[in-house]
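Subject: Structure for you, with notes

Hello,

Here is the structure I said I would pass on. Please open it alongside the notes, which come after it.

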Amino acid sequence: MAASAPPAGAQTVYPPGTFRIDGLPVSCGPTVFVLNPSLPDVGMAQPGIIHMNPNVLWSMPTSMKLFWASHECGHQIVGANETAADCWAIRLGRNQGWFPPSEFNHLIWMFRHNTGDITHPPGPVRVNNMIACYNS
């Protein structure tokens with residue numbers, strides 16, 4: 001019997017160590033990944049759970065998918081600080097080899113018009129922070 005696709009808007013839960021992006025294993029210690037198509041952003045973290053919107057996530061290049069999953073994992077490690085979570089994700093990608101310098105073009109494009117908010121710096125500042133993290 002073939003498995004059917006979950007209903008539109010249904011969440012899919014991935015226990016620790018079972019989530020994959022484009023065939024690559026993505027793990028964040030004991031954290032559960034939840035794909036939630038009704039999430040109003042690409043991702044969100046809360047203690048022990050990373051929520052990702054598959055409708056947004058799957059439209060991106062692999063390096064950006066991994067960046068966002070790693071950014072949300074970074075919140076599990078460094079807490080609520082957005083700049084620290086960005087830096088954690090960028091360094092992880094650099095160290096694991098899935099985020100070479102050429103991939104910064106995707107970040108620049110993604111954040112070029114982002115005005116930021118109370119917790120996120122404006123896009124160009126955010127990208128410059130990530131480049132500095134990559135190079136440190």
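The notes below go through the pockets, one helix and the aromatic rings.

Please keep in mind that this is a predicted model.

Pockets

The largest pocket has a volume of about 370 Å³. It is lined by 20 residues, and those closest to its centre are Asp41, Val42, Gly43, Trp68 and His120. Three elements each supply at least two residues of this lining: β5 (43-46), α2 (62-78) and α4 (104-111). Of these, α2 gives the most, with 4 residues. By class, the lining of the largest pocket consists of 10 nonpolar, 5 polar and 5 charged residues.

The second largest pocket holds about 190 Å³ of space. Its lining has 14 residues, with Pro25, Val26, Ser70, Gln96 and Trp98 closest to the centre. Here β3 (24-26), α2 and α3 (82-96) each supply at least two lining residues. Again α2 gives the most to the lining, with 4 residues. The lining of the second largest pocket has 11 nonpolar and 3 polar residues, and no charged ones.

One residue to look up at the second largest pocket is Ser70, which is among those closest to the centre of that pocket. Ser70 lies in helix α2. With a relative accessible area of 7%, Ser70 is buried, because the cut-off for buried is under 20%. Leaving aside residues up to four places away in sequence, Ser70 touches Trp88, Ala89, Leu92 and Trp98. Trp98 is thus named twice here, as a contact of Ser70 and as one of the residues closest to the centre of the second largest pocket.

Helix α4

Which residues of α4 are buried? They are Phe104, Leu107 and Phe111. These residues cover an arc of only 55° around the axis, so they sit on the same side of α4. The general background is that an α-helix has 3.6 residues a turn, so residues three or four places apart point the same way. The buried residues of α4 pack against α2, α3 and α5 (123-135). On the face turned away from the buried side, α4 carries the exposed residues Asn105 and Trp109.

Aromatic rings

There are 9 aromatic pairs in the structure. In one of them, Tyr14 and Phe19, the ring centres are 5.2 Å apart and the planes are at 65°, so the pair is edge-to-face. Phe19 counts as buried at 2% relative accessibility, while Tyr14 counts as partly exposed at 24%.

Phe67 and Trp68 form another edge-to-face pair, at 4.9 Å centre to centre and with 70° between the planes. Phe67 is buried, with a relative accessible area of 0%. Trp68 counts as buried as well, at 7% relative accessibility. Trp68 is also among the residues closest to the centre of the largest pocket.

Ring pairs join Phe67 and Trp68 into a cluster with Trp98, Phe99, Phe104, Phe111 and Tyr134. Several members of this cluster have come up already: Phe104 and Phe111 are buried residues of α4, and Trp98 is one of the residues closest to the centre of the second largest pocket.

For a first look on screen, I would start from α2, which gives 4 residues to the lining of the largest pocket and 4 to that of the second largest.

Regards

Key
Residues numbered from 1 in each chain as written. Predicted model: local features only at pLDDT ≥ 70, side-chain atom pairs only at ≥ 80, totals over all residues. Heavy atoms only, no water. 1 Å grid on protein atoms, 1.4 Å probe; cavity = no way out; pocket = protein on both sides within 12 Å on 5 of 7 lines; lining within 4 Å. Points joined across faces, edges and corners; volume = space filled by probe spheres on them. Nonpolar A, V, L, I, M, F, W, Y, C, P; charged D, E, K, R; others polar. Buried < 20%, exposed > 50% of the residue type's maximum accessible area, 1.4 Å probe, protein only. Arc of directions from axis to C-beta. Contact = heavy atoms within 4.5 Å. Phe/Tyr/Trp six-rings, centres within 6.5 Å; stacked < 30°, edge-to-face > 60°.
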